[in-house]
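Welcome, and please open your viewer so that we can take this tour together. Keep the selection tool ready, and follow along one stop at a time.

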Amino acid sequence: MDSIIPDLEHRSLKGDVSAPEWRTRVEVAAGLRLAHHFGWNDGINNHISARLPDSPAQLIINGRGLGWHEATASNLNKAGLDGQIFGSPLFPVSRAGLNFHAAVLAAKPGINCIVHVHPPEGIVI
């Protein structure tokens with residue numbers, strides 16, 4: 001499947017981030033692609049995040065507008081549990097998603113990953 005982003009594959013952050021951050025980015029990207037494969041990404045208000053093991057007050061989270069099938073370790077966002085966004089994301093961070101994920105990770109230090117989806121079967125009107 002072609003990317004909607006030119007040269008997406010050529011913007012690697014590997015070597016520019018710590019080894020634990022790179023591993024976390026790879027794992028979140030893999031989780032996003034698996035979730036897409038299983039159809040868990042219905043709608044746009046879904047996120048997967050993970051706490052950085054070498055910086056527990058920071059997390060990696062997918063940005064708004066990024067197809068989950070397009071997720072790579074280098075196009076995910078890095079943010080602090082305080083809401084600070086690091087770098088210049090290719091895809092903007094959803095404030096609602098970031099606030100939710102950051103609050104859970106801040107309140108529960110033993111939790112390191114969050115998968116938050118809204119499947120049609122789980123939405124009640």
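How much space lies in the largest pocket? The answer is about 240 Å³. Keep in mind as you look around that this is a predicted model.

**Stop 1: the largest pocket**

Select L13, R25, S74, L76 and S88, which lie nearest the centre of the largest pocket. They belong to a lining of 15 residues. Next, colour helix α1 (19-37) and strand β3 (77-80), because each of these elements supplies at least two residues of that lining. What kinds of residue make up the lining? It divides into 6 nonpolar, 5 polar and 4 charged residues.

**Stop 2: the whole chain**

Zoom out and switch to a cartoon view. You can find 2 helices and 5 strands in the chain. Starting at the N terminus, trace the elements in the order α-β-β-β-β-α-β. Of the 125 residues in the chain, 38% are buried.

Now colour the chain by pLDDT, the predictor's confidence in each residue. The chain averages 87, and 85% of the residues score at least 70. Which element has the highest mean pLDDT? That is strand β2 (residues 55-61), with 98, while strand β5 (residues 113-116) has the lowest mean among the elements, 94.

**Stop 3: H47, in a strand**

Select H47, which you will find in strand β1 (residues 47-52). Is H47 buried or exposed? Its relative accessible area is 4%, and a residue under 20% counts as buried, so H47 is buried. Now add L32 to the selection. These two residues are 15 apart along the chain, and their C-alpha atoms are separated by 8.4 Å.

**Stop 4: two loops**

Move to D42, in the loop between α1 and β1. Why does D42 count as partly exposed? Its relative accessibility is 41%, and the partly exposed class lies between 20% and 50%, so D42 falls into that class. Select H118 as well: D42 and H118 are 76 residues apart in sequence, yet 6.7 Å apart in space from C-alpha to C-alpha.

For the other loop, go to G63, which is placed between β2 and β3. G63 is buried, with a relative accessible area of 4%. Add P89, which is 26 residues from G63 along the chain, and look for the 7.8 Å between their C-alpha atoms.

**Stop 5: before the first helix**

Select K14 in the segment before α1. With a relative accessible area of 58%, K14 is exposed. Put V26 beside K14 in your selection: the two are 12 residues apart along the chain, with 10.0 Å separating their C-alpha atoms.

**Stop 6: a charge and some rings**

Show the side chains of K78 and F86. Where does the charged end of K78 sit? It sits over the ring of F86, 5.7 Å from the centre of that ring. To finish, look for aromatic rings that pair up: the structure holds 1 aromatic pair. When you describe such a pair, use the distance of the centres and the angle of the planes.

Note on methods. Residues numbered from 1 in each chain as written. Predicted model: local features only at pLDDT ≥ 70, side-chain atom pairs only at ≥ 80, totals over all residues. Heavy atoms only, no water. Phe/Tyr/Trp six-rings, centres within 6.5 Å; stacked < 30°, edge-to-face > 60°. Lys NZ or Arg CZ within 6 Å of the ring centre and 35° of its normal. 1 Å grid on protein atoms, 1.4 Å probe; cavity = no way out; pocket = protein on both sides within 12 Å on 5 of 7 lines; lining within 4 Å. Points joined across faces, edges and corners; volume = space filled by probe spheres on them. Helix = DSSP H or I, 4+ residues; strand = E, 2+ residues; numbered from the N terminus. Nonpolar A, V, L, I, M, F, W, Y, C, P; charged D, E, K, R; others polar. pLDDT = per-residue confidence, 0-100. Buried < 20%, exposed > 50% of the residue type's maximum accessible area, 1.4 Å probe, protein only.
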